[in-house]
Amino acid sequence: MHVDIDGGRLLERLEALAEIGPITGASGERGSARLALTDADRDGRDLVLGWMRDLGLDVSIDAIGNVIAVMGEGCGHRSGRAPVLCGSHIDTVATGGRFDGNLGVLAGLEVIESVLAAGLELRHPLGVGFFTDEEGARFAPDMLGSLVYAGGMTVEQAHDIRAADPGGPGPTVRDELERIGYLGSSPCPGSPPHAFVELHVEQGPVLEAEGLRIGAVTGVQGISWTRVTFTGQSNHAGTTPMSMRRDPAAALARIAVFVNDLADRFGAPQVATVGRIELHPNLVNVVPSRATFTVDLRNTDEVVLCRAEEELAAELARVAERHGVTVETECLARFEPVAFDERIVSRVEAAAAARGLSVRRMPSGAGHDAQMLARMCPSGMVFVPSIGGVSHNPAELTEDADLVAGCQVMADVMLDLADGGDW
Ligand code: GLV
Ligand code: MN
Ligand code: MN
């Protein structure tokens, strides 16, 4: 069973959502900033929710603010079966592009609208969702909404997480859900879909470099986020001899270099990033009293990722000793590598090939909601090329033809899953 999606309608919706929280990149590129549970996120949610309702879908909002829309009675499916769900997120990092997350959600809407228009009779209904705080940029960990949906964290725990807002901890998840009107009543964990499929931009350079159109994603690498605080002594930058300093910024600098060298030493696919740094009091002529920063370590191999974490812990202790500072660490996120379901990976490959689109299997470097849904149902992902491999940047870009091709492949995979028997 097949349906041809309307690429123009998909691109129009992507444009309209990108208008909410617009930002401009260094060379005038158009990006989006909709940090989770801010006013901009609420406005984006309202727009997409309105589109879901316009299609007559049954929309539910759960206790962590995930929004799931499923074809209802009378929409051409036989009732009582779990939906074939797709979706992603519409929150962004502060320097977000227009496609990360948004593509998967709006492609889902497009697939459903096309299927409804064609009046297809399916064994399983189709659904599309957007999950709260996938980015983890405001509330750690990342993939928070889908983690709670899949039962990996309780709603109560998630509600108590505080925003990492500038100037110190901000309101809790629960406060913000209530404030923006998305504290829903559907229970978490959610009910398991029949299958989950997520279309996403690759956010890396591989597909473009190899001249390929589609990625059949085999899994997601493990993620380890740590917040480190070095505390020393604030003092005068001109009068304090170097030998008498307890300088947390110097300690931080050593760790930033250490993790970069660690990734080089371990080799690909190990990556390591110091992404957020805060010094206190952050003044030109003051040795800081405190340095707080994050370390993001990722690897597809859990054993190697654990070794990277151990090396980091040992180095933090050594560097703290050397600089006479104390060190505290907090785990912000820790997810093991996830392998997607072979039955979905092979369907993605087959669907791309049947449309004459070049395709390869590949792992994902970024975290995705599909890695959480994989805990509760067969899950998989479709990638489309990112020009220059740029993402988390307003310059993030994918060719229109690739956006449309990815949506078509997702439609074919979803219909195959919805039309087939039980597993
Ligand atoms: C989330 O999108 C991440 O990969 O950091
Ligand atoms: Mn994403
Ligand atoms: Mn992202």
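Which residue bridges the manganese ion (ligand 2) and the manganese ion (ligand 3)? Before I answer, please keep in mind that this is a predicted model, in which local features need pLDDT of at least 70, side-chain atom pairs count only at pLDDT 80 or more, and totals for chains, interfaces and linings use all residues. Residues are numbered from 1 along each chain as its sequence is written, chains are lettered from A and ligands numbered from 1 in the order in which they are written, and side-chain values use heavy atoms, with hydrogens and water left out.

The bridging residue is D100, and the two ions it joins lie 3.6 Å apart. For ligand 2, the protein donors, meaning N, O and S atoms within 2.8 Å of the metal (3.2 Å for Na, K and Ca), are H89 through NE2, D100 through OD and H200 through NE2, at 2.0 to 2.3 Å from the ion. Along the chain these donors follow the spacing H-x10-D-x99-H. H89, at 0% relative accessibility, counts as buried, a word that here means under 20% relative accessible area with a 1.4 Å probe and protein chains only, and D100, at 6%, counts as buried too.

Turning to ligand 1, its surroundings are E134, E135, D142, W225, R298, A366 and G367, where a residue is included if one of its heavy atoms lies within 4 Å of the ligand. A polar side-chain atom of R298 lies 2.7 Å from an oxygen atom of ligand 1, while a polar backbone atom of G367 is 2.6 Å from an oxygen atom of that ligand.

Notes
A polar contact is a pair of N or O atoms within 3.5 Å; within protein, one must be able to donate a hydrogen and the other to accept it, and residues adjacent in sequence count only if both atoms are side-chain atoms. Buried means under 20% relative accessible area, exposed over 50%, partly exposed in between (1.4 Å probe, protein chains only).
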